[in-house]
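Biologist: Please put the structure up, and then I will go through it with questions.

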Amino acid sequence: MSLVLIRKTAPTEAWLAALRDACPGLDVRVWPDTGPVEDVEFVLTWAADPGVIAGFPNLRAIFSLGAGVDHILKDSTVPAALPVARMVDSSLTMGMVQYVTMAALQYRRGWEAMRASQREGQWRRPELGGARVGILGLGELGGACGKALAALGFEVAGWSRSAKDIAGIRAYTGQDQLAGFLARSDVLVCLLPLTAELENFLNRATFDQLPRGAYLVHAGRGEHLVEADLLDALDRGQLSGAVLDVFRHEPLPGGHPFWAREDIIITPHNASQTHPATAAAHVAANVARARAGQALIGQVDRAQGY
Ligand code: NDP
């Protein structure tokens, strides 16, 4: 029986080596060289073309190469009963903690303003940005980012669907508590999964509930953001800037209005990445669990969409 790795646009050598180490005895193949499709027991994938996963009739489980599973669930041909697991990987979490911390600190300490002053040859101390960070999504990544920011002296709050009790983080839950959460967030960090309910969540109504001059750090998914509403909020001064890692169309097309904005920092969807050396252990554990008929680590609720 085999595991097929589907990773169309990036190298696979490191993954192959790590998986063969972590899963001895499992035949690991790289799509499209799958061998007999009947032998494929698991798929480990990032953005397989629609219909590809459904072509393996004896799958036990689908593993995502990333923390998000929207790329799998949007393929309507994926059998509804198949368990799907998102990636849970200490390196992935650490990468996101570093990214969000960097973004929050550069806003808080006026890094961009100091760079601009330097270009003008001016010795000028910038105003401090606000210290109240609000994290949309208090899951694996949001929770870790919140703890790190709290340790650096930020006043951290988080918003999630279910109630949380995390030391150092003020927890807000559900739609009823959203307005209160937004009203106190000088820095809004989006680490939500992409579900039908959350598409276009970062829109004018959301921005207008933030304190004036708030800052957006968006590393969720491009489809969360209404791009025209972001530009409008920046032009109106409702937002003072944004760090964006994810976009509706990736790579961000040449000529897109975001490229020319001084008040937007663009990063190429590399806030955090899955590292084969650590993530292969997660895959190996889930292979064993799936074969034993146990729930997977990071198994998603297909009805909730994450
Ligand atoms: P988790 O599933 O662990 O966390 C998701 C969080 O979102 C949970 O706290 C969940 O609430 C909350 N949530 C979901 N739906 C709602 C809702 N309707 N209202 C309020 N809160 C909601 O995911 P991860 O932390 O592992 O990853 C989060 C996302 O980060 C990924 O889905 C992906 O989009 C993005 N990501 C981006 C990367 C990048 O490089 N840019 C890299 C990795 C991930 P509850 O806890 O109550 O269930």
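Biologist: Which residues does Thr-206 touch, not counting residues up to four places away in sequence?

Modeller: This is a predicted model. Thr-206 lies in helix α7, residues 204-208. Setting aside residues up to four places away in sequence, the residues that Thr-206 touches are Leu-182, Leu-188 and Phe-201.

Biologist: Is Thr-206 buried or exposed?

Modeller: The relative accessible area of Thr-206 is 6%. The cut-off for a buried residue is under 20%. Thr-206 therefore counts as buried.

Biologist: Which backbone oxygen does the side chain of Thr-206 reach?

Modeller: Phe-201 is one of the residues that Thr-206 touches. The side chain of Thr-206 comes to 2.7 Å from a backbone oxygen, that of Phe-201.

Biologist: What is the bridge partner of Leu-188 in β10?

Modeller: Leu-188 is also among the contacts of Thr-206. Strand β9 (residues 187-190) runs parallel to β10, and 4 bridges join the two. Within β10, the partner of Leu-188 is Leu-216.

Biologist: What is the order of strands in the open sheet of 7 strands?

Modeller: The pairing in this sheet is parallel. β8 (169-173) and β12 stand at its edges with a single partner strand each, so one side of each has no neighbour in the sheet. On average, and with direction ignored, neighbouring strands are turned by 15° against each other. The order is β8-β7-β6-β9-β10-β11-β12.

Biologist: Which strands of the sheet does helix α5 touch?

Modeller: Helix α5 covers residues 140-151 and packs on the sheet, its direction making about 170° with that of β6. The strands touched are β6 (132-136), β7 (155-160) and β8.

Biologist: How many residues of strand β11 are buried?

Modeller: β11 spans residues 239-244 and is mostly covered. Strand β10 (residues 214-218) pairs with β11 in the parallel sense over 5 bridges, and β11 is joined to strand β12 (residues 264-266), also parallel, by 3 bridges. Of the 6 residues of β11, the number buried is 5.

Biologist: Which residues of β11 and β12 stand opposite Tyr-215 and Val-243?

Modeller: Tyr-215 has its opposite residue in β11, and that is Gly-241. Val-243 has its opposite residue in β12, and that is Ile-265.

Biologist: Where is Phe-247, and which residues is Phe-247 in contact with beyond four places in sequence?

Modeller: Phe-247 sits in the loop between β11 and β12. The relative accessible area of Phe-247 is 7%, so Phe-247 is buried. Thr-267 is 20 residues away along the chain, with 9.8 Å between the two C-alpha atoms. With neighbours within four places left aside, the contacts of Phe-247 are Gly-222, Leu-252, Phe-258, Ile-266 and Thr-267.

Biologist: Is Asp-232 buried or partly exposed?

Modeller: Asp-232 lies in helix α8. Asn-203 is 29 residues from Asp-232 in sequence, and their C-alpha atoms are 10.0 Å apart. With a relative accessible area of 25%, Asp-232 is partly exposed.

Biologist: Which residues come nearest to the ligand?

Modeller: There are 28 residues around the ligand. Backbone polar atoms also take part: Leu-138 has a backbone N or O atom 3.0 Å from a ligand oxygen, Ala-219 has a polar backbone atom 3.1 Å from a ligand nitrogen, and for Gly-220 the distance to a ligand oxygen is 3.5 Å. Those that come nearest are Arg-86, Ser-162, Lys-164, Asp-245 and Tyr-306.

Biologist: What is the order of the open sheet formed by 5 strands?

Modeller: The pairing in this sheet is parallel. β2 and β5 (84-85) are at the edges with a single partner strand each, so each has one side without a neighbour in the sheet. β3 runs parallel to strand β4 (residues 61-64) with 4 bridges between them, and Thr-45 stands opposite Ser-64 in β4. The order is β2-β1-β3-β4-β5.

Biologist: What covers the buried residues of α1?

Modeller: The buried residues in helix α1 (residues 13-22) include Trp-15, Leu-16, Ala-18 and Leu-19. α1 lies across β1, β2 and β3 and runs at about 170° to β2, while α9 lies across β1, β3, β4 and β5 at about 145° to β3. The cover includes β1 (2-7), β2 (27-30), β3 (40-46) and α9 (276-291).

Notes
Residues are numbered from 1 along each chain as its sequence is written. This is a predicted model: local features need pLDDT of at least 70, side-chain atom pairs count only at pLDDT 80 or more; totals for chains, interfaces and linings use all residues. Side-chain values use heavy atoms; hydrogens and water are left out. Buried means under 20% relative accessible area, exposed over 50%, partly exposed in between (1.4 Å probe, protein chains only). Two strands pair if DSSP finds at least two bridges between them. Axes are lines fitted to C-alpha atoms, for helices over the stretch in contact, and angles run from 0 to 180 degrees between N-to-C directions. Contact means heavy atoms within 4.5 Å. A residue is near a molecule or strand if one of its heavy atoms lies within 4 Å of it. A polar contact is a pair of N or O atoms within 3.5 Å; within protein, one must be able to donate a hydrogen and the other to accept it, and residues adjacent in sequence count only if both atoms are side-chain atoms.
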